Amino acid sequence: GCANGYISISASKACRKVYAIDIHEESITALKENILNSKLMNIHPIIADATKTIPLNNESIDVCLVSNLMHGFVANKESVSALNEISRVLRKEATLAVVEFKKMFSSNGPPLEIRLSPEEVNAIVKKHGFIRTKMTEISPFHYEILFKKTERFLGF
C-alpha cells in the first residue's frame, strides 16, 4: 500500500531500487506523478494485490516495508496470503519491517478493535519463518518491528 509514495520517495534516496506496490490505480498514478516531479529513476510503481500475487521473482528482495497494513490484512483474514507472498519474494536473511498503529485510542488510524499489539504482530509473522530482531516506538502513535527471514519460502 504505497499510496502516493511518500515513503517510497524517501526510501529511494537510500536504496538502489524500490518497488512501490498498491492495489489502487489512483495511488500508483499519484506516485508516478511524484516520481516525475522528483526526477527519481529508481522507483518502480506496480499495481498489485499483495494478498494475491506480488509480480516479483522468488527471493529477489532484501527489505520489505509493510506500513499501516498488517491490521487490515488480519481484519480481512488476508494475513496468511499476504505473508506467504512477502515471504516468497524476500531472500533468506532479508528484513521485513512492520509499522503499525499502537493499540490505543486515537483519532488517527483504524478503530481500536482492529489494532494489533507488538505481541500480536510477532505471533502472526513468526509463523511464516521470521524472527523478531528489534522493536522501536517511532512516534506517539506508531511502533516498528523488524523481522529477519530465517527460512526459504516453503508456502503455507
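Helices, of at least four residues, and strands, of at least two, are taken here as DSSP runs and numbered from the N terminus. The model treated in these exercises is a predicted one.

**Exercise 1. Overall fold**

Describe which secondary-structure elements the protein has and in what order they follow, and then assess its compactness from the radius of gyration.

*Solution.* The protein contains five helices and six strands, and along the sequence these are arranged in the pattern α-β-α-β-β-α-α-β-α-β-β. The next step is to set the radius of gyration, 15 Å, beside the 15 Å that the globule rule gives for 156 residues; the two values are close, so the protein is as compact as a globular protein of that length. The C-alpha trace spans about 40 × 40 × 25 Å along its principal axes, and 42% of the 156 residues count as buried. As for the contacts between residues at least 6 apart in sequence, 66% of them join residues at least 24 apart.

**Exercise 2. The largest pocket**

Determine which elements supply the lining of the largest pocket, and how the lining residues divide by chemical character.

*Solution.* The largest pocket has a volume of about 1,300 Å³ and is lined by 41 residues, with Tyr 19, Ala 20, Ile 21, Cys 64 and Leu 65 lying nearest its centre. Turning to the elements, at least two lining residues come from each of helix H1 (6–12), strand E1 (18–22), strand E3 (61–67), helix H3 (70–75) and helix H4 (79–89). Among the contributors, E3 gives the most, with seven residues. Sorted by character, the lining consists of 24 nonpolar, ten polar and seven charged residues.

**Exercise 3. The nonpolar cores and helix H4**

Identify the elements that build the largest nonpolar core, and work out how helix H4 is placed with respect to its surroundings.

*Solution.* As background, nonpolar side chains in soluble globular proteins tend to be buried together. In this model the largest nonpolar core has 26 residues, and those with the most contacts inside it are Met 70, Ile 86, Leu 90, Leu 96, Val 121, Val 125 and Phe 147. Two or more residues of this core come from each of E3, H3, H4, strand E4 (90–101), helix H5 (118–126) and strand E6 (142–149). There is also a second, separate core of nine residues, which includes Ile 9, Ala 20, Ile 28 and Leu 31.

Helix H4 is mostly covered, with nine of its eleven residues buried; among these buried residues are Ala 82, Leu 83, Ile 86 and Val 89, and also Glu 85 and Arg 88. The buried residues of H4 pack against E3, H3, E4, H5, strand E5 (130–137) and E6. For a view at the level of one residue, take Ile 86, which, when neighbours within four places in sequence are left aside, is in contact with Ile 54, Cys 64, Val 66 and Leu 96.

**Exercise 4. Two residues and their partners**

Compare the surroundings of Ile 35 with those of Glu 93, stating for each residue whether it is buried, partly exposed or exposed.

*Solution.* Ile 35 lies in helix H2 (residues 25–38), and because its relative accessible area is 10%, under the 20% cut-off, Ile 35 counts as buried. Its contacts, leaving aside neighbours within four places in sequence, are Leu 40, Ile 43 and Pro 45. Ile 35 and Pro 45 are ten residues apart in sequence, and their C-alpha atoms are 9.3 Å apart.

Glu 93, by contrast, is found in strand E4 and is partly exposed, with a relative accessible area of 46%. Not counting residues up to four places away in sequence, Glu 93 touches Lys 148 and Lys 149. The C-alpha atoms of Glu 93 and Lys 148 are separated by 5.6 Å, although these residues are 55 apart along the chain.

**Exercise 5. Backbone exceptions**

Explain what is notable about the phi angles of Ala 3 and Glu 59, and locate both residues.

*Solution.* Most residues other than glycine have a negative phi. Ala 3 is not a glycine, yet has a positive phi of about 55°; its place is in the segment before H1, and at 28% relative accessibility Ala 3 counts as partly exposed. Glu 59, likewise not a glycine, has a positive phi of about 45°. Glu 59 is found in the loop between strand E2 (43–47) and E3, where it is partly exposed, with a relative accessible area of 22%.

Key: Residues are numbered from 1 along each chain as its sequence is written. This is a predicted model: local features need pLDDT of at least 70, side-chain atom pairs count only at pLDDT 80 or more; totals for chains, interfaces and linings use all residues. Side-chain values use heavy atoms; hydrogens and water are left out. On a 1 Å grid over the protein atoms alone, a cavity is a set of points where a 1.4 Å probe fits but cannot get out, and a pocket is an open set with protein on both sides within 12 Å along at least five of seven lines; lining residues have an atom within 4 Å of a point. Grid points are joined across faces, edges and corners, and a volume is the space filled by probe spheres set on the points. Ala, Val, Leu, Ile, Met, Phe, Trp, Tyr, Cys and Pro count as nonpolar, Asp, Glu, Lys and Arg as charged, and the others, Gly among them, as polar. A nonpolar core is a set of buried Ala, Val, Leu, Ile, Met, Phe, Trp, Tyr and Cys residues joined through side-chain atoms within 4.5 Å. Buried means under 20% relative accessible area, exposed over 50%, partly exposed in between (1.4 Å probe, protein chains only). Contact means heavy atoms within 4.5 Å. The radius of gyration is taken over C-alpha atoms; the globule rule is 2.2 Å times the number of residues to the power 0.38.
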